[in-house]
Amino acid sequence: MASKHTLFRIFYWVGFTPWDGHPLAQSLRDLVEGTSDASALPVGSALELGCGTGDCSIYLAQHGWKVTAVDFVAKALDEARAKAGAADVSVDFVRADVTHLSQARIGAGFQLIVDNGCLHNMSDGDREAYVREVSAVAAPDALLLIVAFLPGGRFGVRGIDPAEMERRFSSTWTLLSADQEQELDQEQTPTRYYLFQRRP
């Protein structure tokens, strides 16, 4: 993971961040705001993984959630804090590696965990650590929403397919739904969302 850390720090340093500024996932908005078929989730504590410059975290805070957001790039977190200040919302932005959440002292018992494009770029070993760590900080019955590129969808991004998602999470989480998601980037890369629920 160290090489990925360096790469993303360089990206932020030179200002190459094509993952920033995209619309929020429709699947997230449907959970938070509700739809004609489903009520909005009751607000509680939320964790955003790989938060970047904080758009998703700020959105959650604006809708009443108590939000902790983690990323390993200090520059991204500085920008996120400035955005949250301008939006007049409180978000606890923490510099941490998602494969070591339990060492980051971010707490536990999160009722909603959101990943808007973090997992799909990790190695197998990091994916195993990610599942372990996310499971450790989740509340019983927590919801986990992951939005990710599919394999081969975008050059330089590994991607993750539906079968791997189910295999990696099946021991601790139940897949509630999965479907196509609006594109995470301007290139309209094929993207899916996965909504899991933590088993007690």
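Here is a short chat about cysteines and salt bridges in a predicted model.

Modeller: Ground rules: it's a predicted model, where local features need pLDDT of at least 70 and side-chain atom pairs pLDDT 80 or more, while totals for chains, interfaces and linings use all residues. Residues count from 1 along each chain as its sequence is written, and side-chain values use heavy atoms, with hydrogens and water left out.

Biologist: How many disulfides does a search of the whole structure find?

Modeller: A disulfide takes a pair of cysteine sulfur atoms within 2.5 Å. The sulfur of Cys56 is too far for a bond, because the closest cysteine sulfur, in Cys51, sits 9.2 Å off. Cys118 is in no disulfide either, with the Cys51 sulfur nearest at 9.6 Å. So the search of the whole structure comes back with zero.

Biologist: About how many helical turns separate Glu79 and Lys75?

Modeller: These two form a salt bridge, closest N and O atoms 3.2 Å apart; the term means a side-chain nitrogen of Lys or Arg within 4 Å of a carboxyl oxygen of Asp or Glu. Both are in helix H4 (residues 74–86), four residues apart, so the separation is about one turn. Helices here are DSSP runs (H or I, at least four residues), numbered from the N terminus.

Biologist: Is Arg168, the salt-bridge partner of Asp124, buried or exposed?

Modeller: Buried means under 20% relative accessible area, exposed over 50%, partly exposed in between (1.4 Å probe, protein chains only). Asp124 has 38%, so that end is partly exposed. Arg168 has a relative accessible area of 12%, so the answer is buried.

Methods
Helices (H or I, at least four residues) and strands (E, at least two) are DSSP runs, numbered from the N terminus.
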